[in-house]
Each structure stands twice: as structure tokens, then as C-alpha cells.
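Biologist: I would like a close look at a single part of this model, please. Pick one contact between two elements, then set it against the rest of the chain.

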Amino acid sequence: MTAIHILILIGIYFLMLLAISYFTGKNDSNNDFFKAGKSSPWYLVAFGMVGASLSGVTFISVPGWVESSQFSYMQVVLGYLAGYLVIAYVLLPIYYSLNVTSIYEYLEKRFGKVSYKVGAVSFFISRVLGAAFRLFLVAIVLQQFVFDDLGVRFEVTVVLSILLIWIYTFKGGIKTIVWTDTLQTTFMILSVLLSIYFINDRLDWSISEFLVSEELKEYNKMVFVDDFFGKNHFIKSFLGGMFITICMTGLDQDMMQKNLTCRSLKDAQKNMVSLSVVLVVVNFVFLLLGALLFIYADRFDIATPLMNGQAKSDLLFPEIALKSDLGIVVAVTFMLGLIAAAYSSADSALTSLTTSFCVDFLGIEKRPENQQKKIRKTTHVGMSLLLVVVVIIFKHVLDTNVIDGLLQVATFTYGPLLGLFTFGILTKYQLKDKYVWIVAIVVVALIYLISKLPAEALGGYQIGYELLPINGLLTFLGLWLIKDKKGISSDVTL
């Protein structure tokens with residue numbers, strides 16, 4: 001499949017998104033942009049969120065991670081399942097009872113303006129970095145397999161990618177995204193299933209033969225309980241996965257903004273529970289694909305592609321899909337899946353960043369009505385430019401598997417949110433609000449120092465994703481030290 005063919009495919013796909021944007025963005029109102037008029041069917045939101053939850057990181061990076069970590073990622077995924085239940089039955093009732101646009105408005109009503117801003121800043125940093133991780137992964141694939149052949153620089157690739165997203169979201173916002181996510185989830189899942197089928201066919205296997213093969217057994221170890229000090233022990237991975245989901249979904253404006261477009265709390269809860277079950281299955285399928293890719297690469301002597309002189313396992317899937325002899329169907333479905341993965345996460349991230357900045361920092365709902373739309377559109381442009389800059393920076397500083405890097409970032413940036421929401425839900429104390437930002441900064445600094453401790457200093461214990469709940473716990477303890485003993489909350493339903 002040539003670079004020109006891929007560009008034509010991207011163009012056709014983009015036209016489909018523009019058509020959806022045209023019909024969903026006719027109203028061009030802030031209510032539709034931020035809340036989709038609170039009229040989205042729950043099943044549509046749930047299906048679309050599968051793609052948004054997976055994103056390009058799962059699509060490429062999870063299969064590429066199998067060689068070094070086998071199926072240990074499923075331990076984290078099972079933790080995700082527990083986390084989604086907490087979101088459905090603890091967090092969503094709070095958001096719906098308060099009828100918020102930004103979920104961080106809860107912190108203002110519960111504690112005050114400083115807590116509100118700390119929560120909003122934590123999300124903003126988290127989402128900018130998270131969205132940039134996802135966009136970076138897709139951009140390097142497009143660069144290596146398309147734009148390098150055309151002599152286009154990486155920076156131009158990034159600008160073009162984000163420009164396309166801006167074009168089809170600047171009017172409809174979250175209303176458009178609820179519908180485009182449905183299309184993108186379909187392409188993403190279809191791509192993986194067809195890839196598995198055709199690779200098995202090339203290996204002269206049926207699906208059942210692959211599942212019982214000796215080659216798969218080299219990769220499919222799922223539960224690690226032998227070494228508690230190891231980074232991937234089941235308990236540490238499960239708890240890390242649970243808290244990552246609570247934070248990266250339940251305390252994340254990007255993911256919750258979609259849930260808040262449902263007609264009722266009950267519908268939103270249906271969405272969340274059904275999503276959690278589907279994601280367990282889909283992530284397992286991605287791991288099966290990863291094992292199959294490495295088996296195929298070993299069988300046909302395909303080397304892991306290099307980036308900046310180093311082997312990059314994230315690029316093995318595109319290398320096999322686009323440059324091996326699997327045929328045009330695999331190449332086309334891979335590119336459709338990749339493009340879908342790119343847009344399903346990046347478009348909602350761009351919209352949620354715009355929403356958060358408008359509501360949490362600019363107070364758009366308090367501005368004159370005739371200025372609100374202009375503020376939203378200007379902010380949308382600003383968020384697009386910010387993502388361009390961060391993605392370009394990542395190319396020069398990132399040296400890890402992208403899914404691992406994304407989860408590591410979450411352990412730092414979501415800690416203040418986890419601590420603040422937990423304190424608000426589990427206690428009735430008010431805080432000395434003006435000191436909250438100090439607690440947040442001190443705890444993040446402590447977490448950074450803890451993350452740098454060598455295993456030898458901890459008796460051989462390797463710190464993994466449990467660093468996020470540790471971050472939340474230290475934040476909770478710090479908030480306990482600045483609680484206002486005279487102030488007991490009675491205004492907010494917990």
C-alpha cells in the first residue's frame with residue numbers, strides 16, 4: 001500500500017467525519033458543544049466510548065508490549081473493571097445531582113475556589129499530556145509509513161493531524177463526538193479482528209489452532225504472583241488499574257463529559273457498566289493480536305522497526321500490516337483502525353480541554369451571552385496549538401513504550417484529583433482552602449522522589465502503578481492536616 005493510497009483513504013475517512021459534523025453541528029450552540037443537549041442515547045455513548053477508551057495507544061502499543069510483558073496487562077484491565085463500578089455507583093450520582101458542566105465544579109461547591117482550580121489544573125496537565133501521548137503514537141506511524149516517503153517533516157504531520165480534528169469538532173463539539181466515536185469504534189474493532197483472521201490464515205492456522213498453539217504459550221502468561229516485589233505482581237497491577245480508571249475516566253472531564261450527555265443517571269450507569277465488560281474482552285483480543293504479531297514476525301524473520309536508532313515495538317503492527325504480504329485488505333483495515341484510533345481519542349480530548357478551560361478557568365457561563373461562543377471558538381484554536389507543541393516535544397524526549405509512559409504520567413498528575421475527591425466523598429470536613437495547592441505540589445514532589453528510589457533501596461521492591469493510589473493517599477493525608485475543624489459540609493449531597 002503506497003503513501004498516496006493511504007492519503008486517499010485518510011481523505012475519504014475525513015469526508016465521512018465532516019458529514020457527521022455537518023448534521024450534528026448545525027445548531028453551533030455552547031449547550032450542544034459542552035453537553036450535547038443532554039439527549040444522547042446511553043448505548044450510543046457506551047459503544048463510542050469503547051473506541052475513546054482504547055485509542056491509538058491500545059491499538060498499537062498494547063500489542064507491541066506483549067513481547068516484554070506477555071499478557072500481564074490483563075491484570076491492569078481487571079482492575080479497570082472494578083474502577084468502572086466505582087465510577088458508576090459513586091461518582092456519577094454526584095455529578096448528576098449537581099448538574100455540572102465541568103466535573104471539577106464539585107470541588108468548588110465542596111471546598112472552595114482554590115480546590116476547584118487545583119483539580120482543574122491537575123486535569124488540564126493530565127489531559128494535555130495524555131492526548132499528546134496518543135497523538136504522538138499515531139503521528140509517528142503516519143510519518144514512518146506515509147509522510148517520510150513524501151518528504152514531509154514530522155512537525156507538518158502533527159499540524160495536519162490536529163487541523164483535521166479541529167475542523168470537524170469546532171461547531172458540534174461533544175454532540176459531534178458522540179456520533180463520530182461510534183463510527184471510529186466500529187472501524188477499530190473490525191481492523192483488529194480482520195488482522196487476526198488474515199495473519200492466522202497466512203500462518204495456516206485456524207483461530208482455534210492459534211489459541212492452543214505452543215507459540216502462543218510463550219506469550220500468554222497473564223497472572224504474576226510469584227514475586228510481590230516485582231513491578232507486575234497481580235495485586236499491584238490490579239489496584240493500579242482500578243485507581244487509574246477511577247482517575248483517568250471518573251475524575252477526567254474528557255471521559256465524563258460523554259457520560260453527562262446521557263438523558264439520566266440511570267442511563268449513564270448502564271453505559272458505564274456495559275462499557276467495563278466490553279473493554280475486558282476487547283483488551284484481551286488486542287493482546288492476542290500482539291502475540292500473533294510476534295509469532296508472525298519470528299516465523300518470517302521480520303525485524304522490529306527502528307526509531308531514532310532503537311527498536312520500537314509500537315511500530316511492529318504497522319510494519320506487518322503495511323509492508324508484509326498479508327494483502328490489501330489488512331493494510332486498508334489497519335489504516336482505517338489507526339485513523340479511527342487517532343481521532344476517537346484526540347477529538348474528545350480537544351473538546352474536553354476546550355470545555356474545561358472555558359468553564360474552569362475563563363468562567364464562560366458568567367460571561368455575557370453574546371461573548372460566549374467567541375470565547376469557546378478562540379479557546380478551541382488555542383488548545384489545538386498547545387497539543388501541536390507538546391506532541392512535537394515528545395518526539396525528542398520520549399524513550400519508552402507509549403502505553404507504559406501514559407500510565408506512568410497518570411501516577412503523577414491524577415494524584416491530587418484522587419485525593420481531593422476521596423476526601424470530599426469520605427469525610428464531611430471542610431478544608432482551609434487556600435492551602436490546598438501547597439499540599440498538591442508537595443505530594444507530587446514526594447511521589448517523584450519515591451519513583452526515583454532504586455529497587456535496592458527498598459529491599460528489591462519495584463514500584464509500579466500502585467504509585468497512583470499512594471499519591472492519592474498522601475494527598476488525602478495532607479488534606480487531613482489542613483482540614484477546618486469548625487467547618488462541616490452540609491451543602492453537598494455525598
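Modeller: What follows starts with the whole chain, turns to one helix pair, and then visits some single residues.

This is a predicted model, in which local features need pLDDT of at least 70, side-chain atom pairs count only at pLDDT 80 or more, and totals for chains, interfaces and linings use all residues. Residues are numbered from 1 along each chain as its sequence is written, and side-chain values use heavy atoms, leaving out hydrogens and water.

First, the whole chain. The protein has 20 helices and 4 strands. These are DSSP runs numbered from the N terminus: helices are H or I of at least four residues, strands are E of at least two. Of its 494 residues, 59% are buried (buried is under 20% relative accessible area, exposed over 50%, partly exposed in between, with a 1.4 Å probe and protein chains only). Contacts (heavy atoms within 4.5 Å) often span the sequence. Among those between residues at least 6 apart, 86% join residues at least 24 apart.

Confidence comes next. The mean pLDDT (the predictor's confidence in each residue, from 0 to 100) is 81, and 86% of the residues reach at least 70. By element, the lowest mean belongs to helix α2 (residues 30–35) at 57, and the highest to strand β3 (residues 429–431) at 93.

Now the chosen part: α19 against α20. Two packed helices are described by the angle between their axes and the distance between the axes. Helix α19 (residues 436–451) packs on helix α20 (residues 467–481) at about 145 degrees, with 9 Å between the axes. The axes are lines fitted to C-alpha atoms over the stretch in contact, and angles run from 0 to 180 degrees between N-to-C directions. This crossing is right-handed. Handedness is left if the near helix is turned anticlockwise from the far one by less than a right angle, and right if clockwise.

Who makes the contact? From α19 come V436, V439, V443, I447, I450 and S451; from α20 come L467, I470, N471, L474, T475, G478 and L479. By class, that gives 9 nonpolar, 4 polar and no charged residues. Here Ala, Val, Leu, Ile, Met, Phe, Trp, Tyr, Cys and Pro are nonpolar, Asp, Glu, Lys and Arg are charged, and the others, Gly among them, are polar.

Elsewhere, Q143 sits in helix α6 (residues 113–147). Q143 is buried at 6% relative accessible area. Its side chain makes a 2.4 Å polar contact with that of T157. A polar contact is a pair of N or O atoms within 3.5 Å; within protein, one must be able to donate a hydrogen and the other to accept it, and residues adjacent in sequence count only if both atoms are side-chain atoms. Leaving out residues up to four places away, Q143 touches D148, V152, R153, F154 and T157.

M255, in helix α12 (residues 253–259), is also buried at 6%. M49 is 206 residues from M255 in sequence, yet their C-alpha atoms are 7.9 Å apart. L183 is in helix α8. Its C-alpha is 8.7 Å from that of L17, 166 residues away along the chain.

Last, backbone angles. Most residues other than glycine have a negative phi. Q70, in the loop between α3 (42–69) and α4 (73–98), has a positive phi near 55 degrees. Q70 is partly exposed, at 23%. D204, in the loop between α8 (174–202) and α9 (207–211), has a positive phi of about 60 degrees. D204 is exposed, at 67%.
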